[in-house]
Amino acid sequence: MTSRQRTADSNSLSPRRRTVVKAAAATAVLAAPLAAAIPARAAEAPAFLHGVASGDPLPDGILLWTRVTPTAEAVPGSGLGPDTEVAWTVAKDKAFTNVVAKGSVTATAASDHTVKADVRGLAPATDYWFRFSAGGTDSPPARTRTAPAADATVTNLRFGVVSCANWEAGYFSSYRHLAARGDLDAWLHLGDYIYEYGTGEYGTRDTVVRQHAPTHEILTLADYRIRHGKYKTDPDLKALHAVAPVVAIWDDHEFANDAWPGGAENHTEGAEGAWTARQAAAKQAYFEWMPVRPALAGTTYRRLRFGKLADLSLLDLRSFRSQQVAVGNGSVDDPDRTITGRAQLDWLKAGLKSSDTTWRLVGNSVMISPFAIGSLSADLLKPLAELLGLPKEGLALNTDQWDGYTDDRRELLAHLRSNAIRNTVFLTGDIHMAWANDVPVDAGTYPLSASAATEFVVTSVTSDNLDDLLKVPEGTVTALAAPVIQLANRHVHWVDTDRHGYGVLDITADRAQMDYYVLSDKTKANATSSWARSYRTRTGTQKVERTYSPV
């Protein structure tokens with residue numbers, strides 16, 4: 001890790017809706033997709049083919065994760081393989097000469113041979129090394145880091161920020177470049193860690209760069225396990241998991257496009273089974289395969305603290321929301337409709353009000369800032385509407401975002417204003433574009449009305465954005481669309497509609513700064529990374545401003 005001081009005390013356009021799933025796809029023999037989910041060479045039992053990971057850092061603990069392949073046939077989703085004892089070890093050094101904690105857990109077919117160890121008793125703000133062992137085989141060693149003590153005066157925090165990684169659309173070079181930094185306290189994944197579609201069905205510029213497994217749309221528990229397993233074979237993703245803890249929330253594609261508790265846009269009840277069964281399978285596989293502590297009722301909303309500098313409220317905007325508004329399906333302003341659910345909104349409001357940290361970060365899967373399309377030309381409006389899932393004519397907002405649930409947003413922003421809650425920063429993914437926004441109390445009168453918070457939105461790791469949809473050179477659409485978007489949305493300081501990459505959020509007592517990085521070519525495994533822009537919000541301002549160099 002860096003030696004810098006950390007604490008003072010230490011689809012094509014939109015996917016086509018299929019109304020019928022071929023029986024062959026739904027009932028296919030698992031052999032082919034299962035084989036595709038692991039490296040070409042057969043596993044010598046036991047093996048750690050899917051890497052190791054850590055997540056949800058606490059001042060005294062960390063959650064460790066791995067999957068063991070106990071026998072060659074015990075691949076993800078197979079339900080095969082014996083119970084296997086897996087030991088874990090945590091040390092102060094990579095050579096494991098200074099061991100500070102160890103234990104064991106049993107991997108079983110019931111949990112797809114994934115295991116977690118919630119290790120406690122560690123020192124705050126400290127780098128550790130960990131590994132797993134089974135049957136005489138050691139996993140690769142990996143590094144993690146605990147959070148600062150709750151009362152620590154923290155000088156600086158640095159987080160990688162990513163979202164929206166479509167396997168078939170390209171390579172995960174963003175993860176590789178974040179892993180190479182070596183200076184992250186943690187990294188945030190803001191949703192769409194996996195995608196549910198069948199091969200070639202979503203966002204590839206008409207070219208499948210690399211085929212995922214299974215090749216059909218994932219519907220069953222075995223399907224979701226296979227897809228998670230395929231992702232965990234990616235070398236860049238494994239590299240990032242091996243150097244810093246992840247803090248993850250889900251969005252819709254961990255389930256199905258535009259998911260809500262009663263269904264999803266990309267789910268046909270009956271033809272694709274029962275939504276309740278599919279949702280339960282998706283949640284089970286997610287918690288098996290991700291180093292995430294399940295929160296209340298198996299959701300992902302929870303809160304982490306990083307000393308006196310920041311706390312991080314992580315939202316679950318899929319498990320409790322009302323169905324998205326469509327023609328004849330109610331109003332976005334209906335006070336009976338919700339994106340958070342009553343209990344989660346009350347929890348968020350109470351946490352923001354009682355927080356005694358300098359910064360209040362909110363991990364937010366869909367954009368909270370209001371967005372009106374404005375007077376875009378027809379050739380730009382159509383692909384933007386496709387990307388956002390909007391009607392081609394009429395409704396000028398994205399009802400899957402907070403724009404579709406204005407009463408919840410109004411209540412939350414009024415709470416921030418009435419309680420003089422400062423320094424709230426929303427960290428957002430989903431939209432496959434990069435944004436730097438003020439979050440206005442009243443977008444219609446902004447900038448005369450106040451800004452209640454700020455928002456940094458990161459672009460996608462690989463998922464298609466506007467230049468991909470139009471199949472034009474990168475940067476073409478941003479040059480045309482960004483001025484029009486900003487004219488219609490005066491709280492938007494910057495929008496990049498075209499590029500792929502990641503963000504690095506750096507926080508001090510004086511400011512929170514997002515550095516935006518972009519990739520040279522998502523379809524190239526060796527893509528380079530370059531700094532694109534930086535924006536910050538200075539303490540007490542609730543507004544975004546441009547800064548001209550990365551931290």
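**Helix packing and hollows in a predicted model**

Visitor: This is a predicted model, so let's start with the helices. At what angle do H7 and H9 pack?

Guide: H7 covers residues 342–354 and H9 covers residues 406–418. Their axes sit 10 Å apart, and the packing angle is about 15 degrees.

Visitor: Roughly parallel or roughly antiparallel, then?

Guide: Recall that H7 and H9 pack at about 15 degrees. The cut-off for roughly parallel is an angle under 35 degrees. So H7 and H9 come out as roughly parallel.

Visitor: And is the crossing left-handed or right-handed?

Guide: Look at how H7 passes H9. That crossing is right-handed.

Visitor: Which residues of H9 make the contact with H7?

Guide: From H7, the contact uses Arg342, Leu345, Leu348, Lys349, Leu352 and Lys353. By class, the residues of the contact split into 5 nonpolar, 1 polar and 5 charged. On the H9 side, the contact residues are Asp408, Glu411, Leu412, His415 and Leu416.

Visitor: Does H9 turn up elsewhere? Which element gives the most to the lining of the second largest pocket?

Guide: That pocket holds about 430 Å³ of space. Two elements give two or more residues to its lining: H9 and helix H11 (476–488). The top contributor, with 5 residues, is H9.

Visitor: Which residues lie nearest the centre of that second largest pocket?

Guide: The lining has 24 residues in total, and by class they are 14 nonpolar, 4 polar and 6 charged. Nearest the centre you'll find Pro370, Asp403, Arg409, Ala443 and Gly444.

Visitor: On to the cavities. Which strands give two or more residues to the lining of the largest cavity?

Guide: The largest cavity has a volume of about 60 Å³. It has 13 lining residues, and the closest to its centre are Ala434, Thr459, Tyr516, Tyr517 and Val518. The strands giving two or more are S18 (492–496), S19 (501–507) and S20 (511–519).

Visitor: How many charged residues are in the lining of the largest cavity?

Guide: Nonpolar residues number 8 there, and polar ones 3. The charged count is 2.

Visitor: What is the volume of the second largest cavity?

Guide: Its lining is made by Ala125, Arg145, Thr146, Ala147, Pro148, Leu157, Asp185 and Phe306. By class, that gives 5 nonpolar, 1 polar and 2 charged residues. The volume of the second largest cavity is about 40 Å³.

Terms used. Residues are numbered from 1 along each chain as its sequence is written. This is a predicted model: local features need pLDDT of at least 70, side-chain atom pairs count only at pLDDT 80 or more; totals for chains, interfaces and linings use all residues. Side-chain values use heavy atoms; hydrogens and water are left out. Axes are lines fitted to C-alpha atoms, for helices over the stretch in contact, and angles run from 0 to 180 degrees between N-to-C directions. Helices (H or I, at least four residues) and strands (E, at least two) are DSSP runs, numbered from the N terminus. Angles under 35 degrees count as roughly parallel, over 145 as roughly antiparallel, 65 to 115 as roughly perpendicular and the rest as oblique. A crossing is left-handed if the near helix is turned anticlockwise from the far one by less than a right angle, and right-handed if clockwise. Contact means heavy atoms within 4.5 Å. Ala, Val, Leu, Ile, Met, Phe, Trp, Tyr, Cys and Pro count as nonpolar, Asp, Glu, Lys and Arg as charged, and the others, Gly among them, as polar. On a 1 Å grid over the protein atoms alone, a cavity is a set of points where a 1.4 Å probe fits but cannot get out, and a pocket is an open set with protein on both sides within 12 Å along at least five of seven lines; lining residues have an atom within 4 Å of a point. Grid points are joined across faces, edges and corners, and a volume is the space filled by probe spheres set on the points.
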